[in-house]
Amino acid sequence: MNNEKILNELNDKLDYMLDHLEDYTDIDIRSIVNQMNELYPADPMPPVPIEESIKDFWEFVAKREEEERILSQCLTKNVSNLDDICLFRLYNCLKLFRRRRFSS
């Protein structure tokens with residue numbers, strides 16, 4: 001039996017045990033969880049260091065702020081409420097989509 005099938009069976013058994021907690025002890029549940037942990041494949045990707053994640057987040061924020069700055073310069077002065085801004089963005093997205101579609 002392959003690991004995936006065994007994991008599915010153990011998961012089903014664990015679900016049943018959790019639904020009927022009064023019939024099982026914590027040792028029974030830990031036993032199932034430990035078996036599942038042994039069968040799960042190791043994660044091939046090492047965890048990303050927190051410093052790198054934070055750096056990526058702030059790069060994303062900076063790009064988004066630049067997009068917002070550019071968009072705010074493009075908005076006409078009579079666009080004042082959120083509905084108008086959303087419609088303006090949708091209109092521009094559709095224009096860009098149409099240009100790409102017809103130019104290719």
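**Exercise 1. Classify the exposure of Phe57 and Trp58 in this predicted model, and describe how their rings are arranged.**

*Solution.* Begin with Phe57, whose relative accessibility is 44%. Buried residues lie under 20% and exposed residues over 50%, with partly exposed in between. Phe57 therefore counts as partly exposed. Next, take Trp58: its relative accessibility is 54%, so this residue counts as exposed. Finally, consider the two rings. The centres of Phe57 and Trp58 are 4.9 Å apart, and their planes stand at 70°. Planes over 60 degrees apart count as edge-to-face; the pair is therefore edge-to-face.

**Exercise 2. State how many aromatic pairs the rule yields, and characterise the pair that involves Tyr16.**

*Solution.* The count comes to two aromatic pairs. Tyr16 is paired with Tyr24, at 6.4 Å from centre to centre and with 80° between the planes, an edge-to-face arrangement. The exposure of each partner follows from its relative accessibility. Tyr16 has 45% and so counts as partly exposed. Tyr24 has 28%, and therefore counts as partly exposed.

**Exercise 3. Determine which residues form the largest nonpolar core, and which elements give two or more residues to this core.**

*Solution.* The largest nonpolar core consists of seven residues: Leu7, Leu10, Leu14, Met17, Ile29, Ile32 and Met36. Two or more of these residues come from each of the elements α1 (3–19) and α2 (26–39). The largest share, four residues, is supplied by α1.

**Exercise 4. Identify the residues that Met36 touches, leaving aside residues up to four places away in sequence.**

*Solution.* Met36 is itself one of the residues of the largest nonpolar core. With residues up to four places away in sequence not counted, Met36 touches Leu7, Leu10, Asn11 and Leu14. Among these, Leu7, Leu10 and Leu14 are also listed in the core.

**Exercise 5. Describe the secondary structure, burial, contacts and surface of the protein chain as a whole.**

*Solution.* First, count the elements: the protein chain has four helices and zero strands. Read along the sequence, the pattern is α-α-α-α. Second, turn to burial: 12% of the 104 residues count as buried. Third, examine the contacts with a separation of 6 or more; residues 24 or more positions apart account for 31% of them. Last, the accessible surface of the protein chain comes to about 9,400 Å², and 58% of this surface belongs to carbon and sulfur atoms.

Definitions and conventions:
Residues are numbered from 1 along each chain as its sequence is written. This is a predicted model: local features need pLDDT of at least 70, side-chain atom pairs count only at pLDDT 80 or more; totals for chains, interfaces and linings use all residues. Side-chain values use heavy atoms; hydrogens and water are left out. A nonpolar core is a set of buried Ala, Val, Leu, Ile, Met, Phe, Trp, Tyr and Cys residues joined through side-chain atoms within 4.5 Å. Buried means under 20% relative accessible area, exposed over 50%, partly exposed in between (1.4 Å probe, protein chains only). Contact means heavy atoms within 4.5 Å. Rings of Phe, Tyr and Trp (its six-membered ring) pair if their centres lie within 6.5 Å; planes under 30 degrees apart count as stacked, over 60 as edge-to-face and the rest as tilted. Accessible areas come from the Shrake-Rupley method with a 1.4 Å probe; for residues, only the protein chains shown count as cover.
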